[in-house]
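Here are my notes on the model you sent round. Please read them with the structure open.

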Amino acid sequence: MADGIGESGPALTYNRDTLPLPENRVPPAPAGGLRHWDGLDPARHPFDWDAEEEARLCALLREWVPPVLSGMAGWWQGEHWCESQFDAIIRERYGNWAQGWNWCYRYGGPIGAWVTGASSVTTPHETAARAVAALLEWREWLERMARLFAELAPPPEATPEDRSWHLERACVRLVTLALDSGAEGGWHGQATRVLQWFLSSTGISQAEAEQAVDEAIGGRFRSWVDPGRALVESVGEDLAVGLTGHAPYQDHRERAALEELHDRS
């Protein structure tokens with residue numbers, strides 16, 4: 001039972017007729033909103049956060065938690081509605097970059113603080129706290145990706161062969177990161193998305209990035225299956241060759257420090 005309902009109060013039960021669920025406060029997130037790195041890049045989308053802002057957001061969110069939850073009997077309608085309202089509030093306040101706040105690891109995402117409305121919506125205070133934690137987790141992950149992309153990007157003056165080597169190593173690193181992220185069966189979707197973002201961050205067009213990644217992976221990654229190091233490296237080489245026309249270096253001894261950087265820790 002939600003906060004603020006006393007033990008002596010009426011025994012409330014879920015009823016869709018007495019608990020109407022209005023539409024979202026703002027339009028739904030645009031389709032493919034997580035597709036373009038420009039729309040997510042922290043450098044393009046400032047995020048001012050402090051204790052006062054956290055308190056304001058929690059207060060806003062708490063107002064949209066249903067006083068009675070629908071649960072299994074109501075097919076979690078109220079809980080899913082609550083999640084959609086949270087999404088609207090968060091995007092309205094911070095921008096569409098924030099829509100990944102509920103991209104849970106169970107569905108290939110990086111978020112652990114929030115799962116779904118059905119399991120994450122409880123009392124107003126608990127639910128708002130979970131959503132805030134998930135938003136901060138999402139922002140931290142995006143900032144981590146931005147730092148990693150900058151670290152892995154080929155230098156502007158790189159020759160085609162040098163560029164090929166950097167792209168192959170970056171692919172191996174980013175796929176391994178997704179594989180180790182705890183993203184469960186959807187890890188390969190995260191790997192695909194992050195690779196596309198990385199290529200876009202280096203100046204490659206969205207269409208070219210998507211085509212290059214799709215052709216390099218070629219359906220070889222599967223849900224719940226660890227592809228193994230050899231296959232990951234093969235995908236990395238295919239990506240690099242497809243984009244540069246050059247095979248990456250076979251002898252990496254002169255680049256031992258970068259090799260160590262790219263290896264799984």
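Contact here means heavy atoms within 4.5 Å. Keep that cut-off in mind for threonine 127, which touches Val65, Cys82, Phe86, Trp114, Ser120, Val121 and Thr122, leaving aside residues up to four places away in sequence. The model is predicted.

1. Overall layout. The protein chain has nine helices and zero strands. Along the sequence the pattern reads α-α-α-α-α-α-α-α-α. Of its 265 residues, 44% count as buried. Take the contacts between residues at least 6 apart in sequence: 70% of them join residues at least 24 apart.

2. Threonine 127. This residue sits in helix 4, which covers residues 124-152. Is threonine 127 buried or exposed? Its relative accessible area is 0%, under the 20% cut-off, so threonine 127 is buried. A polar atom of the threonine 127 side chain lies 2.6 Å from the backbone oxygen of threonine 123. The residues that threonine 127 touches include Cys82 and Phe86.

3. Helix 2. This helix runs over residues 77-94. Does its length fit, and what span should its 18 residues have? At 1.5 Å a residue the expected span is 26 Å, and the end C-alpha atoms are 26 Å apart, so the two agree. Of the 18 residues, 13 are buried, so helix 2 is largely enclosed by the rest of the structure. Glycine 95 follows helix 2, and its phi is positive, near 110°.

4. Helix 1 against helix 2. The two axes come within 10 Å and cross at roughly 145°. The crossing is right-handed. Helix 1 supplies Glu53, Arg56, Leu57, Leu60 and Leu61 to the contact, and helix 2 supplies Phe86, Ile89, Arg93 and Tyr94. By class, that contact has six nonpolar residues, no polar ones and three charged ones. Phe86 of this contact is also one of the residues touched by threonine 127.

5. Tryptophan 75. This residue belongs to the loop between helix 1 and helix 2. Most residues other than glycine have a negative phi. Tryptophan 75 is not a glycine, yet its phi is positive, about 55°. Is tryptophan 75 buried or exposed? Its relative accessible area is 68%, over the 50% cut-off, so tryptophan 75 is exposed.

6. Helix 5 against helix 8. Helix 5 covers residues 160-179 and helix 8 covers residues 229-244. Their axes come within 8 Å and cross at roughly 140°. This crossing is right-handed. On the helix 5 side the contact includes Arg163, Leu167, Glu168, Cys171 and Val175. On the helix 8 side, Val232, Glu233, Gly236, Leu239 and Leu243 are among the residues met. How does the contact divide by class? It has eleven nonpolar, four polar and six charged residues.

7. Helix 6. This helix has 15 residues. From first C-alpha to last it reaches 21 Å, close to the 21 Å expected at 1.5 Å a residue. Eleven of the 15 residues are buried, so helix 6 is largely enclosed by the rest of the structure. The buried residues include Trp187, Trp197, Phe198 and Leu199, along with Gln190, Gln196 and Ser200. What covers them? The cover includes helix 4, helix 5, helix 7 and helix 8. Glycine 203 follows helix 6, with a positive phi near 105°.

8. Glutamate 184. This residue lies in the loop between helix 5 and helix 6. Its phi is near 55°, a positive value in a residue other than glycine. Its relative accessibility is 33%, between the 20% and 50% cut-offs, so glutamate 184 counts as partly exposed.

9. Valine 225 and glutamate 184. Valine 225 is in the loop between helix 7 and helix 8. With a relative accessible area of 43%, valine 225 is partly exposed. How far apart are valine 225 and glutamate 184, and in what terms? In sequence, 41 residues separate them; in space, their C-alpha atoms are 9.4 Å apart.

Key:
Residues are numbered from 1 along each chain as its sequence is written. This is a predicted model: local features need pLDDT of at least 70, side-chain atom pairs count only at pLDDT 80 or more; totals for chains, interfaces and linings use all residues. Side-chain values use heavy atoms; hydrogens and water are left out. Helices (H or I, at least four residues) and strands (E, at least two) are DSSP runs, numbered from the N terminus. The expected span of a helix is 1.5 Å times one less than its number of residues. Buried means under 20% relative accessible area, exposed over 50%, partly exposed in between (1.4 Å probe, protein chains only). A polar contact is a pair of N or O atoms within 3.5 Å; within protein, one must be able to donate a hydrogen and the other to accept it, and residues adjacent in sequence count only if both atoms are side-chain atoms. Axes are lines fitted to C-alpha atoms, for helices over the stretch in contact, and angles run from 0 to 180 degrees between N-to-C directions. A crossing is left-handed if the near helix is turned anticlockwise from the far one by less than a right angle, and right-handed if clockwise. Ala, Val, Leu, Ile, Met, Phe, Trp, Tyr, Cys and Pro count as nonpolar, Asp, Glu, Lys and Arg as charged, and the others, Gly among them, as polar.
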